[in-house]
Amino acid sequence: GVTLAGTLTARNSAIAVSGNWANTGTFTAGGSTVTFDAAAGTQTLNSGASSFYNLTHSGAGTLQLVANNLDLTGAFANSAGTFDAFALANTVTGLATLSGGTYSASTAAQTFNGGLTISGGTLTGASGAVDVNGSLVLSSGVLTAPSGAFTVSGNWSKTGGTFTPGTNNV
């Protein structure tokens, strides 16, 4: 795991993490990609209020946010396992892609400023808002709408998969 109490400047690095990420210092992401790849169990991610650039969850286990909201200035990808927002907000500036696994939204807002592509896996909305500021593409997998606000400001394209509406408007 990564326990950061000082300063880490990643520049354009590729960082693989199979344990927890606990930040009480300063993480400067640069153009880096941080990949969480634990094969089992739960990895926790405390960003320490530092932004990440690209974040990939490719492990079969669970990646769970703790203590701080997550802010990505680049892209987000989940290809396996479960990403658990755990009552915290997640804001992605670039494209968010769910090609496998499960994205468990939370009671806090999940904001996808670069759009959302679901090409496998499951995104399960909760009582928090899901805000897609770009196109939403559902080609396979499952998208379950939240009971909170669900907004899409770009195109909506469903060529496959399953969309389960909630009780709210899209």
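**Core, aromatic pairs and parallel sheet**

The largest nonpolar core comprises 35 residues, and those with the most contacts inside it are W21, L45, F52, L55 and F112. Two or more residues are given to this core by each of the elements β3 (14–17), β6 (33–36), β9 (62–65), β10 (70–72), β14 (96–98), β17 (116–124), β18 (130–132) and β19 (136–144). The model described here is a predicted one. In soluble globular proteins, nonpolar side chains tend to be buried together.

The surroundings of L45 illustrate the contacts of one of these core residues. When residues up to four places away in sequence are not counted, L45 touches W21, F36, F52, L55, L63, Q64, L65, V66 and L70. Among these partners, Q64 has its place in strand β9, and with a relative accessible area of 15% it falls under the 20% limit and is therefore classed as buried. The side chain of Q64 is joined to that of D84 by a polar contact of 3.2 Å. With residues up to four places away again left out, the residues touched by Q64 are T42, Q43, T44, L45, D84 and F86.

Aromatic residues were examined next. A search of the whole structure finds 11 aromatic pairs. In one of them, the rings of W21 and F36 have their centres 6.3 Å apart and their planes at 65°, so the pair is edge-to-face. Because W21 lies in strand β4 (residues 21–23) and F36 in strand β6, this pair ties together parts that are 15 residues apart in sequence. W21 counts as buried at 1% relative accessibility, and F36 likewise counts as buried, at 0%. A further edge-to-face pair is formed by W156 and F163, with 5.1 Å from centre to centre and 85° between the planes. Here W156 is partly exposed, with a relative accessible area of 35%, and F163 is also partly exposed, with a relative accessible area of 23%. Ring pairs also link W21, F27, F36 and F52 into a cluster, and of these residues W21 and F52 are among those with the most contacts inside the largest nonpolar core.

The arrangement of strands was then considered. An open sheet of 5 strands has the order β10-β13-β16-β18-β20, and its pairing is parallel. The edges of this sheet are occupied by β10 and β20 (150–152), each of which has a single partner strand, so one side of each is left without a neighbour in the sheet. From one strand to the next, the twist averages 5°. At the β10 edge, β10 pairs in the parallel sense with strand β13 (residues 90–92) over 3 bridges, and L70 stands opposite N90 in β13. L70 is also one of the residues touched by L45.

Strand β18 of this sheet contains V132, which counts as buried at 0% relative accessibility. Leaving aside neighbours within four places in sequence, V132 is in contact with F112, G115, L116, F150, T151, V152, S153 and G154. One of these partners, F112, is among the residues with the most contacts inside the largest nonpolar core. The C-alpha atoms of V132 and F27 are separated by 27 Å, the two residues being 105 residues apart along the chain.

Technical notes:
Residues are numbered from 1 along each chain as its sequence is written. This is a predicted model: local features need pLDDT of at least 70, side-chain atom pairs count only at pLDDT 80 or more; totals for chains, interfaces and linings use all residues. Side-chain values use heavy atoms; hydrogens and water are left out. A nonpolar core is a set of buried Ala, Val, Leu, Ile, Met, Phe, Trp, Tyr and Cys residues joined through side-chain atoms within 4.5 Å. Buried means under 20% relative accessible area, exposed over 50%, partly exposed in between (1.4 Å probe, protein chains only). Helices (H or I, at least four residues) and strands (E, at least two) are DSSP runs, numbered from the N terminus. Contact means heavy atoms within 4.5 Å. A polar contact is a pair of N or O atoms within 3.5 Å; within protein, one must be able to donate a hydrogen and the other to accept it, and residues adjacent in sequence count only if both atoms are side-chain atoms. Rings of Phe, Tyr and Trp (its six-membered ring) pair if their centres lie within 6.5 Å; planes under 30 degrees apart count as stacked, over 60 as edge-to-face and the rest as tilted. Two strands pair if DSSP finds at least two bridges between them. Axes are lines fitted to C-alpha atoms, for helices over the stretch in contact, and angles run from 0 to 180 degrees between N-to-C directions.
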